Amino acid sequence: MASIPTDRSPDSSLALLREGYRFIGARCDRHGGDIFQTRLLLRRTICLRGRDAATLFYGADRFARAGAMPLRVQRTLTGRGGVQGLDDAAHRERKAMLMSLMTPTAIRHLGRLFDDEWAARLSRWEQAGTVVLYPELGRMLTRAVCAWAGVPLTDAQVDRRTADLHAMIGGGASVGPGHWRGLLARRRGERWLAELVDRTRRGTLPAPIGSALRVIAEHRDEQGRVLPRGIAAVELLNLLRPTVAIDRFIVFAALALHDHPAWRQRVRDDDTATESLVQEVRRYYPFFPAAAARVRRSFDWRGYHFPQGRRVLLDLYGTNHHPALWPEPERFRPERFDGHRPNPFGLIPQGGGEHATGHRCAGEWITIELMKRAVTNLTSRMRYDVPPQDLAVSLRRMPALPPSGFVITGVRRAA
Ligand code: HEM
Ligand code: MYR
């Protein structure tokens, strides 16, 4: 049995925060493979990257999720008691409820609501001299997803709720104030939605049949029990929060169109080119760094021993940039997706494997749909200028974003 190459520092947590998205990849490169072992957040952790590693990670019940995510991430980003930390029958049952909301009709409905937001804001942007895209998109997505989910939201609440959803997204990997904002935001968000679940159950809030609020509030498990109100709130947040997080991918798409202007023309009225562009944005730009799990029962793989209980991190960013999978991985080339269906274990910005049975992101189709609509809006429905600004995406900041938030000026409606 070979021993897994080991990083000897007593604990690498600070290095992870310092190095960000390249933390796992840089050490794999140093050890000349796709695996190494270290201590992270005080626990021994095996880090993996690449398609074979993703196939292992998402296949054949080798891993469990209960308690796998670092507590600081659970307390801010994911919440506790939600689908991300469930295993086996409990996971399948909860995931099926969430996936029942992801029908093509429901996704189109959310897409139209987002397009409506876009049309409404465009008139305002034409009046404003300068527009910062990131905060605008956050508010637009909050409004669209709340309307879609049956969650009432007044105009006066939009800023607060958007700020809280952003704070949960930003709080998992930050220390100090950024983390505390995330903790507070999650407490406030869960309280807000638990109250709406109560009112839906009492019949005093008429959430539309089929809406996420109604489905989650009324859902019964195989024993016929409704979800505890706090867990129902966590699952609602699992739809609202990541939909708002799509603002980052849209900013990256705007950045890609700015850096590769030939694609502005290519995507106009060409659905295939739009799809390729969106896939390359999801592959190329840094977002969710790594997925976490624990070894269920000891096993051996490729001559390495994985002991029971050991935490394992799968490098999502590093797999999307693996040179064995992607020719010239550091070049932005959407045409690599033309006519190719992405491999379910190769392109894994939102996890790998299957949606229904595994932990692959429940919102991947929503993400792709909203990104495509955003690209169409940016290229076919409006013109704008991009003034000088700081657009350098640091791989050290998790989650990443260009510091300027993407400023545009001179917005006008496309003729
Ligand atoms: C899970 C990324 C958008 C809902 C995940 C996972 C990742 C991810 C990496 C975990 C995979 C794993 O544990 O193996 C992203 C990114 C998004 C995004 C980068 C871009 C904004 C969405 C959207 C929704 C959503 C729009 C819902 C509307 C979920 C849920 C899970 C999940 C419910 C848990 C799935 C499970 O544990 O079975 N996502 N996601 N995500 N995502 Fe997303
Ligand atoms: C979501 O809201 O669920 C999707 C987008 C969140 C991205 C946040 C990325 C930073 C979190 C650090 C996770 C560390 C995993 C070991």
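**Entry 1: strands 1 and 2**

In what sense do strand 1 and strand 2 pair, and over how many bridges? I looked this up in the model, which is a predicted one. Strand 1, residues 35-40, pairs with strand 2 in the antiparallel sense, and I find 6 bridges. I then looked for the partner of I35, and the bridge leads to L48 in strand 2. The two strands form a hairpin with 2 residues between them. In this hairpin L41 has a positive phi, near 45°.

**Entry 2: strand 8 and its neighbours**

I next followed strand 2, residues 43-48, to its pairing with strand 8. These two strands run parallel and are joined by 4 bridges. L48, which I had already noted as the bridge partner of I35, stands opposite L314 in strand 8.

I also looked up strand 5 beside strand 8, and this pair is antiparallel, with 5 bridges. Here A291 has L314 of strand 8 as its bridge partner. L314 therefore enters my notes twice, and I turned to the surroundings of its strand: 5 of the 5 residues of strand 8 (residues 311-315) are buried, so the strand is largely enclosed by the rest of the structure.

In a regular strand the side chains alternate between the two faces of the sheet. I accordingly checked each side of strand 8 separately. R311, L313 and D315 on one side are buried, and V312 and L314 on the other are buried too. Both faces of the strand are thus recorded as covered.

**Entry 3: the shell around ligand 1**

I listed the residues around ligand 1 and obtained 25, of which P242, G351, C361, A362 and G363 come nearest. Helix 5 (88-99), helix 11 and helix 15 (364-381) are the elements that each give two or more residues to this shell. Helix 11 supplies the largest share, 7 residues. By class I note 15 nonpolar, 8 polar and 2 charged residues in the shell.

**Entry 4: the shell around ligand 2**

Around ligand 2 I found 16 residues, and the nearest are G172, A173, P242, A245 and P399. Two or more residues of the shell come from each of helix 4 (71-78), helix 11 (229-259) and strand 5 (290-295). The largest share is again that of helix 11, here with 3 residues. The classes are 14 nonpolar, 1 polar and 1 charged. I note that P242 is among the nearest residues for ligand 1 and also for ligand 2. Strand 5, which contributes to this shell, is the antiparallel partner of strand 8 from Entry 2.

**Entry 5: backbone geometry**

P399, one of the nearest residues to ligand 2, called for a check of its peptide bond. The bond between M398 and P399 is cis, with omega about -5°. P399 is in the loop between strand 9 (382-385) and strand 10 (407-413).

I then looked for positive phi values outside glycine. D88 has phi near 55° and belongs to helix 5, an element that gives residues to the shell around ligand 1. I count 12 other C-beta atoms within 10 Å of D88, so the residue is exposed; the cut-off for exposed is 12 or fewer.

R302 is another such residue, with a positive phi of about 50°. I place R302 in the loop between strand 6 (299-301) and strand 7 (304-306). R302 is exposed as well, since 11 other C-beta atoms lie within 10 Å.

**Entry 6: helix 7**

How far does helix 7 reach from its first C-alpha to its last? For residues 133-149, a run of 17, I obtain 24 Å, close to the 24 Å expected at 1.5 Å a residue. Helix 7 is mostly covered, with 13 of its 17 residues buried. G150 follows the helix and has a positive phi, near 80°.

**Entry 7: the whole chain**

I closed with the chain as a whole, which has 15 helices and 10 strands. A compact globule of 415 residues would have a radius of gyration near 22 Å, and the 21 Å I noted for the chain agrees with this. Along the principal axes the C-alpha atoms fill a box of roughly 65 × 55 × 40 Å. Of the 415 residues, 41% count as buried. Among contacts with a separation of 6 or more, 70% are between residues 24 or more positions apart.

Notes:
Residues numbered from 1 in each chain as written. Chains lettered and ligands numbered in written order. Expected span 1.5 Å × (residues − 1). Buried ≥ 20, exposed ≤ 12 C-beta atoms within 10 Å, placed from the backbone. Near = placed C-beta within 6 Å. Nonpolar A, V, L, I, M, F, W, Y, C, P; charged D, E, K, R; others polar. Pairing = 2+ DSSP bridges. Rg over C-alpha atoms; globule rule 2.2 N^0.38 Å. Contact = placed C-beta atoms within 7 Å.
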